[in-house]
Amino acid sequence: MKQTTKWAAMTAASVITMASAKAADLEVIHWWTSGGEQAAVTVFADEFDARTPHNWVDTAIAGGSNARSTTLQRILGGDPPAAAQFNISRQYEELAEAGMLLDLTELAEQEGWRDFIRPDSILDVCEYDGKIYCLPVNIHSWQWAWASIPAFEKAGVALPTNLDDFIASAPALQEAGITPFAIGGEGWQISGAARVVLVSQLGKDGFEALYRDRDLDVAGGPEVRSAIELFKSLKQYTDDGSANRNWNDTTNLVITHQAGMQIMGDWARGEFALAGLEPGIDYACIAGPSEDPYLDTGGDVFLFPKQSDPDVEAAQLALASMMLSPEVQASFNNAKGSLPVRDDVDMSIADDCMKVGLDILEDRNRVLPSANMFFTEDGLGQLDDLWLEAWANPSLSTEDIQRRFVDIIAQAD
Amino acid sequence: MSQTLSAGSGRYRTRSPAKYPKPRRIRWSALMSVLGTAPMIITAIGVFVICIVYSGLLSFTDARMFPSFNFVGLDQYKRLWSTGRWIVSANNLWFFGLLSVGLSMMFGFLLAVFMDQKIRCESLLRSIFLYPFAMSLVITGLAWRWILDPSIGIQAAVRGWGFTDFTFAPLVNADTAIYGLVVGAIWNSIGVTMAIILAGLRGIDTEIWKAARIDGISAWKTYLFIVLPMMKGALFTAFVLQCVGVVRVFDIVIAMTQGGPGIATQMPAVFVIEHITNRINVALGMAAAMMMLLPVILLLALNGFIQWRMKRNRERLS
Amino acid sequence: MTLVVNNVVPGASGRVLEGPCGPRKSQLSIARLGIYGFLIMAALFFLMPFWVMIVTSLKTLPEIREGNLFNWPSDPTFEPWIKAWFSACTGRDCNGLQPGFWNSVKITAIATVVSITIAAINGYALSFWRYRYANLVFGILVFGAFVPYQVVIYPLIITMRELGIFSTLLSIVLVHSIFGMPILTLLYRNFFASLPMEMFKAARIDGAGFWQIFFRIMIPMAVPITIVAIILQLTGIWNDFLFGTVFAGRQNMPMTVQLNNIVQTTTGVREYNVHMAATILTAAVPLIVYFISGKWFVRGIAAGAVKG
């Protein structure tokens, strides 16, 4: 509660200072284009327009990599947007180093971000040289599977609790005319699913040894091997239409009970909620997917590229402050299906799936940092490409894939 | 003076400079000529020399997002050729290029020959064959993506007619997706190939046909063994135009497959753009760009060689 | 550098449009039936995508799901067209393709005029006022026609940043002028080089200078080639995608880029009918240019296919 009052005082103060500042148009680049994401970004935009004299100018670009490409191109070309969405990653290190980003340290200290943002690791990635250059707005975990309960009932098999279960019941789903495994052909969906399979086999110790310590014995070990095999065996249970399909179109297959299960991060929950489905009745959310679930803590951050206009700079700070305020955090994350970055937000509106996630996050031993924090985009990209190749090319043997996996881990920076 | 300002082409070099009225005006006009073509000079030197050299230099550095000149030798090239995705891209380019250029040339030639048979409605047919070229490759890609989409496209239509086992979904499968791209690409380009080859056919002396008839040579043999060798020029033009387009292939991939499924339809042009932006590895991207320049230079060298030989043959004949 | 394109510039390619002169026409025979059969099959192949897009854009979503791809809609609706033009969404922006259309009109109009003006002067200077090294510069420029854009795009972004014009209308116009220059200059140079030298000499004797000859004599004579150049640039610039995504910026986003954004964005259900209507709308301008210009277009593409 203390934080809330502090924040209220802050806003009051900033509203007074802002009354004298000119209204600015802030262009925000993001890739929130699905139904649930749209609802979430609307919270930001509406609150920003209502609470400040400034205007939110929306540039939505479908696909995370397209949106980030555009942002980077424009920063490179000297025409940066006022705010841009990124994932928690090391992708913006060089921008911070080159002094292209607005320094948020002062605002962070005023508002006490360090006190309420959890886990610490997600603010750490925003820190460069002791200064804070980005703002985490939510916590997302990839380690979720979404299953259609009616689909599994129709096939007469029990809901899976882990991936081996799922592989075992997939033929029954297929016989019942249901696509067992829903996935879209976009690169990030495939590599994302692969990472989930990998974490489900590695657990926390293995994960940290592999990504943080670059332990080549783990990379060449039996857990990675079984992950590769599991991942490859999922392919036969997909449908024809998977090429080019957006993640939300894919989720829609589970929503309409045409497909059994999809591996997708917790943002998929927003789509189910928007479709009016009830967790536990219409769909099941399986953390892990494993009896022994771990959740990574990735998420979205906003960068505020430096602008020459002081009015715009004031507006950027106002935007940052608004995004982190408790009420906005609650309604934004509820719409988005993600968890708030603040530990003092009232999440009584959370549904069952979200509560499962919150409970797991309580247990520090089950929380993994995002793999993005240990590798540059270049190294991660190489791993992703390998997963894509493994997915696309069934003739690639498990041994070959693992050998290349070890090579990439050994060489990546 | 006459050397710096040899107005017109070589044919007129005999003209004596004394014929010009005021020499001062010539100097003035010569200056105007340089000034008037300043955009060309800037573009040629600035973009097509300096920018290429600059990109080339960056490929030997470790630049990530912003230019930096910390040279690392051939590291980026070594890394490039050990990167699975690049190797797939390069192989795709060859496969896609050979297939789409080959098919486009073949069907373009066939269509041109058939169009040359005094057929009815020639101009209507020509309009039909050519109109895809007026549309951008983004539109071509989107149109074919929908047609090849198994849930709404040809597969769904044929299944709707009662053939429920019919399967036709090239874009879904990593092994066949590239054929889907080829279909889209040649749909766009066959018309142009046909137009160029038809122009070549129409440029051939009609007496040839009479002579061939008198000698009792059948029509198809005449085309294959007499006419085809005579229109090397038009064929080569069509060929080079196609090849240049292939090396650049980008728009159609983005619209049709976005490089997928997996990395099955990645292309070098996509690789470069991806690395100078999202992957933040400009140096590697520039190394890839330099590799893209290589086939172009080879092609131009081949062109130069052929022109040189043709010229030499002509000189020998005369 | 000798260039392959020489073979097909106007004049020579005009013959495409004259009567057929292949082997003598034979009576209706099996071979002839085969020829027509092949041509009709080919025509169907070329028409199919357009037919599919037209009929689909007129259908409702349930009819797309249940009906046949090739069938004429049972109850044609223009709703998708209206939505595509006025209210299709990318993100929170629901203004349809309309802004993209006007951006494309703006970019295409300005870039066409600028690039053709530059190229006409280049061609004229290269034909009549050749200074030392002019041919070398021209050779480099023509080489540029073959350079993959990806090779120079990064240095160009950096240059635009240094000039402070990145993602402005000026930068996209500049880029189109740069990449249109090789082929257009070639076009004009070949045209002017084919003009009789006597005319130029006579004007020189009358005391006319560089610009006088250009404006009073050359421009009026260059009308046909200019029509070809205009067609080339109108379709080429309108259809551009890569430069539009990189250099145009948000304010000037051309129609092709906006189309791709609309099609790749889905909020809930994929609206195939709207997407296809949007696609046809984006293709409409070059298609109209194509059908109006007829034989000129054939000349244009034959000369400009290099741009592809």
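Let's start where chain B meets chain C: 97 residues from chain B and 88 residues from chain C take part in that contact. Helix α2(B) supplies the largest share of chain B's side, with twelve residues. Sort the chain B residues that touch chain C by class and you get 69 nonpolar, 21 polar and seven charged. Bear in mind that this is a predicted model, so the confidence values come up again below.

Chain B also touches chain A. Here 25 residues of chain B are in contact with 29 residues of chain A. By class, chain B's side of this contact has eleven nonpolar residues, ten polar ones and four charged ones.

Now for chain B itself. The domain assignment splits off domain 1, covering 19–58, and domain 2, covering 86–317. Measure from C-alpha centre to C-alpha centre, and these two domains of chain B sit 36 Å apart.

How much should you trust what you see? Across chain B the mean pLDDT is 84, with 92% of the residues at 70 or more. Among the elements of chain B, helix α2 (residues 38–58) has the highest mean pLDDT, 94, while helix α1 (residues 23–36) has the lowest, 78. Over residues 1–20 of chain B the pLDDT is below 50, and this stretch has 24 contacts in the model beyond near neighbours in sequence. Predicted coordinates should not be read in detail where pLDDT is low.

That brings us back to helix α2 of chain B: the element with the highest mean pLDDT in the chain is also the one that gives the largest share of the side touching chain C.

Conventions: Residues are numbered from 1 along each chain as its sequence is written. Chains are lettered from A and ligands numbered from 1 in the order in which they are written. This is a predicted model: local features need pLDDT of at least 70, side-chain atom pairs count only at pLDDT 80 or more; totals for chains, interfaces and linings use all residues. Two residues are in contact if their C-beta atoms, placed from the backbone, lie within 7 Å. Ala, Val, Leu, Ile, Met, Phe, Trp, Tyr, Cys and Pro count as nonpolar, Asp, Glu, Lys and Arg as charged, and the others, Gly among them, as polar. pLDDT is the predictor's confidence in each residue, from 0 to 100. Helices (H or I, at least four residues) and strands (E, at least two) are DSSP runs, numbered from the N terminus. Domain bounds come from an automatic or database domain assignment.
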